[in-house]
Every structure is written in C-alpha cells, then in structure tokens.
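This report describes one protein chain for a reader who has not seen it before. Please look over the sequence and the structure first.

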Amino acid sequence: MHFEKDETSVIDWRAWAAHDIVIQWTEAMIKLRLPMNVDPRKGSVDLLPVDLTKGWVADVASKEHGPVSKLDAIDSAKSWLPNEKVTQAWASDSISESD
C-alpha cells in the first residue's frame, strides 16, 4: 500500500495482516488436520497428517506460485501453502511488498 502519510497504527496493521494471511492459514490447517466428528474439549485429538503433494507452493524470489502438481517439486526455495486461498493472500502481500 502507498500513502502520502501513513497514520495506520501498529495494532491496525497487525489486524490487517492477520486477516489476510494468518487467519486464512490457520483456518485451512484446522480443516486439513482436525478429524471430523471429534471434540477437542473432551481430550487430546490425534491430528491428521498433511499430504504435501496436495498443497500449493510459492517462490519468494520469483513470486511464482501454483499447485504442487504444476510446479513439479517442493524445494528449499519454495514455501508450502495449504490451499489456493492462502496462496492468493500470500501473492497479494508479497507483490505489494515489492512495489
């Protein structure tokens, strides 16, 4: 974002960032890991494993992003993301940072 004068508080910026990326990431991971029909209030829950071949990847340097199946591989230059919605939030944030 570009402003002539930035009057956004630190609290407002953190809320904005959390809404766009962190909350979406957390919701996606809960959906991936939490088994259906369990109640964590009744005791510990065995989380489901994550299938890394079904996620999305994003390359911070090149800004390239897409499904793992289309980008061929996960390597140390790429970040794994749980779904397209989180990837789009990441892309929007990383593109605006480089402007």
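Is Lys63 buried, partly exposed or exposed? Lys63 is partly exposed, because its relative accessible area is 27%, and values from 20% to 50% fall between buried and exposed. The model shown here is predicted.

## Overall layout

The chain contains three helices and three strands. Read from the N terminus, these elements follow the order α-β-β-α-β-α. Of the 99 residues in the chain, 23% count as buried. The chain exposes about 7,500 Å², and 56% of this area is supplied by carbon and sulfur atoms. Contacts can also be sorted by how far apart the partners lie in sequence. Among the contacts between residues at least 6 apart, 42% join residues at least 24 apart.

## The sheet

The three strands form an open sheet in the order S2-S1-S3, with antiparallel pairing. S2 and strand S3 (78-81) stand at the edges; each has a single partner strand, so one side of each is left without a neighbour in the sheet. On average, neighbouring strands of the sheet are turned by 25° against each other, with direction ignored. In general, strands of a sheet pair through backbone hydrogen bonds.

S1 and S3 run antiparallel and are joined by four bridges. Within S3, Leu81 is the bridge partner of Trp56.

## The nonpolar core

Which residues make up the largest nonpolar core? This core has seven residues: Ala28, Trp56, Ala58, Leu81, Val86, Trp90 and Ala91. S1 and H3 each supply at least two residues of the core, and H3 gives the most, with three residues. As a general tendency, nonpolar side chains in soluble globular proteins are buried together.

Leu81 belongs to this core and is the bridge partner of Trp56. Leaving aside neighbours within four places in sequence, Leu81 is in contact with Trp25, Gly55, Trp56, Ala58, Val86, Thr87 and Trp90.

Thr87 is found in helix H3 (residues 84-98). Is Thr87 buried or exposed? Thr87 counts as buried, because its relative accessibility is 0% and buried means under 20%. Not counting residues up to four places away in sequence, Thr87 touches Trp56, His65 and Leu81.

## Loops

Two residues have a positive phi without being glycine: Asn37, at about 60°, and Lys63, at about 70°. Asn37 is placed in the loop between helix H1 (10-33) and S1. Asn37 is exposed, because its relative accessible area is 81% and the cut-off for exposed is over 50%. Lys63 lies in the loop between S1 and S2.

Glu64 lies in the loop between strand S1 (56-59) and strand S2 (65-67). At 40% relative accessibility, Glu64 counts as partly exposed. What separates Glu64 from Lys78, in sequence and in space? Glu64 and Lys78 are 14 residues apart in sequence, and their C-alpha atoms are 9.1 Å apart in space.

## Salt bridges

How many salt bridges does a search of the whole structure find? The search finds two salt bridges, and the table lists them with the distance between the closest N and O atoms.

| Basic residue | Acidic residue | Closest N and O atoms |
|---|---|---|
| Arg41 | Asp39 | 2.9 Å |
| Lys54 | Asp51 | 3.9 Å |

The accessibility of the four partners can be set beside these pairs. In the pair of Arg41 and Asp39, Arg41 counts as exposed at 75% relative accessibility, whereas Asp39 is partly exposed with a relative accessible area of 24%. In the pair of Lys54 and Asp51, Lys54 is exposed with a relative accessible area of 67%, and Asp51 counts as partly exposed at 36% relative accessibility.

Technical notes
Residues numbered from 1 in each chain as written. Predicted model: local features only at pLDDT ≥ 70, side-chain atom pairs only at ≥ 80, totals over all residues. Heavy atoms only, no water. Salt bridge = Lys/Arg side-chain N within 4 Å of Asp/Glu carboxyl O. Buried < 20%, exposed > 50% of the residue type's maximum accessible area, 1.4 Å probe, protein only. Contact = heavy atoms within 4.5 Å. Areas by Shrake-Rupley, 256 points an atom, 1.4 Å probe, with all protein chains shown as cover. Core = buried A, V, L, I, M, F, W, Y, C linked by side-chain atoms within 4.5 Å. Pairing = 2+ DSSP bridges. Axes fitted to C-alpha atoms, helices over the stretch in contact; angles between N-to-C directions.
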